[in-house]
Amino acid sequence: MICQWKQNALRIVLLLLSFGCLMTAAGCWDDAEINGRAFVLGFGADTGPEEGHYDFTFQLAIPVSGNAESSGAIQYTNCTVTDRSVASAIRLLEKDMGRQVNFEQLNVIVIGEELSQRSFLGLTELFFRRASVRRQSCVAVCAGSAKDFFGASVTDNAIASDAAVALQSYDDTGSADAMALNLHSLYKVVSNADEFYLLKMTPCAPDALSEDGSNALSDTETIDGQKKMLRISGATAYGRQGNFLGELDEQELELLRLITNRQISGMVAVRTADGSVIDCQIKQSHCETECTLREDIPVFTVRLHLRCIPVDGSAVGGINTSSRTFTERARRDMTETLTARLEALADRSRQSLGSSVLGLQDKLRQRMPDWYEQHADIWEDLYRKSSIEVQVECTVIGGGIIR
């Protein structure tokens, strides 16, 4: 009896091993063929043709079977779906394409200019729920429509990849408090009931760059096949509920780079007393903010420490750029220019743009959490009454490139 029992047990073990081998040889039964997928690189949202509908644009990378060359193995295409929600638009896209739409490669989410001035945060929630997507997907707004933005040709790559690189490279530091928000950082500020701003991108003509942004290509100026450039042309500010507050231009955005990061590059145009302009290259900057209370009203002191070098001696009134007189003049003019610009930005932030542009709400909440919790409901009113003192300390090193 014992011998028979051992034989039966051996047969069962061999049967289980055989079954396991057969399952291994069968391959992965829960995976999809790559040729049956479409990978979303960029997603855009615009206002739709009627109330409650949106135009959703998907920039797709589609594997092509039967093509051995790497240049032809992937095709890029844009699909725009008009629907009430992102989920239903994805379902319609999958049904019509006959492919599984995959978001593992989603690089950037772009909100069209008209929609960016309305409530749009709910349209990004579906992507935030995907853990593999929320930390890698940058969020930005664009000039014009997101559909036209993804239709622009910047390089031989999909514009979604170029846009993600441009946004991630905008900061010198690349730290957690970077100016370009991804989905994770966006929902972090939303959950904290913070004001925030999103960078604004504009495709533009590379042969007509101008500081005022007049080179931005409109729909009628866009020529098929024409290569363009992507520029960070400003930012859009939002309140604590995601409500639109206003826009910052490119010069104001450059000021934000100075006060929110330890910047080690860039250029500042300084206007002198006689109306001429000196261009100074930033070598190092550091900004610190103090928060106090005066009669229960916030008082902020923003101190900007800047080291720079004059690099343009063509408009300095004939003064020797290597002389001490020129160095002192450049230091004085830069201090006065930056102080005036920062004070003007501080006034705008209190009147319309909100505290996020200077990062003051977050500073106060971190350093005075008990006071902020008691006054959070009336924060906007208190910020309008707050006092913001700007102190700029500028050190000019060297004497420029003209000796």
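This is a short tour of the structure above, one selection at a time.

Before you start, note that this is a predicted model, where local features need pLDDT of at least 70, side-chain atom pairs count only at pLDDT 80 or more, and totals for chains, interfaces and linings use all residues. Residues are numbered from 1 along each chain as its sequence is written, and side-chain values use heavy atoms, leaving out hydrogens and water.

**The whole protein**

Begin with everything in cartoon view. You will find 14 helices and 14 strands; helices (H or I, at least four residues) and strands (E, at least two) are DSSP runs, numbered from the N terminus. Of the 403 residues, 45% are buried, where buried means under 20% relative accessible area, exposed over 50%, and partly exposed in between (1.4 Å probe, protein chains only). Switch on the surface: the accessible area is about 21000 Å², and carbon and sulfur atoms account for 51% of that. These areas come from the Shrake-Rupley method with a 1.4 Å probe, and for residues only the protein chains shown count as cover. Among contacts (heavy atoms within 4.5 Å) between residues at least 6 apart in sequence, 68% join residues at least 24 apart.

**Strands β12, β13 and β14**

Next, select β13, residues 297-310, where ten of the 14 residues are buried. Add β12, residues 277-294: this strand runs antiparallel to β13, and 14 bridges join the two. Strands count as paired if DSSP finds at least two bridges between them. Look for Cys-291, which stands opposite Phe-300 in β13. Two residues lie between the strands of this hairpin, and Glu-295 takes a positive phi near 55 degrees. Now add β14, residues 387-396, which pairs with β13 in the parallel sense over ten bridges. Here Thr-301 has Glu-389 in β14 as its bridge partner.

**Helix α10**

Move to α10, residues 250-260. Its buried residues include Leu-253, Leu-256 and Ile-259. What covers the buried residues of α10? Among the covering elements are β8, β12, β13 and α11 (324-353). At the start of the helix, zoom in on Asp-249: one of its side-chain oxygens comes within 3.2 Å of the backbone nitrogen of Gln-251. Then show Arg-257, whose charged end sits over the ring of Tyr-170, 4.5 Å from its centre. Such a charge is counted if NZ of Lys or CZ of Arg is within 6 Å of the ring centre and within 35 degrees of the ring normal.

**Thr-202 in β8**

Select Thr-202 in β8, residues 196-204. Is this residue buried or exposed? At 6% relative accessibility, Thr-202 is buried. Its side chain makes a polar contact of 2.6 Å with that of Ser-233; such a contact is a pair of N or O atoms within 3.5 Å, and within protein one must be able to donate a hydrogen and the other to accept it, with residues adjacent in sequence counting only if both atoms are side-chain atoms.

**Aromatic rings**

Finish by colouring the aromatic residues. The whole structure holds 13 aromatic pairs. Tyr-238 and Phe-244 have ring centres 6.4 Å apart and planes at 70 degrees, so this pair is edge-to-face. Rings of Phe, Tyr and Trp (its six-membered ring) pair if their centres lie within 6.5 Å, and planes under 30 degrees apart count as stacked, over 60 as edge-to-face and the rest as tilted. Tyr-238 is buried at 0% relative accessible area, whereas Phe-244 is partly exposed at 30%. Last, select Phe-43, Tyr-54, Phe-56, Phe-58, Phe-103 and Phe-127, which form one aromatic cluster.
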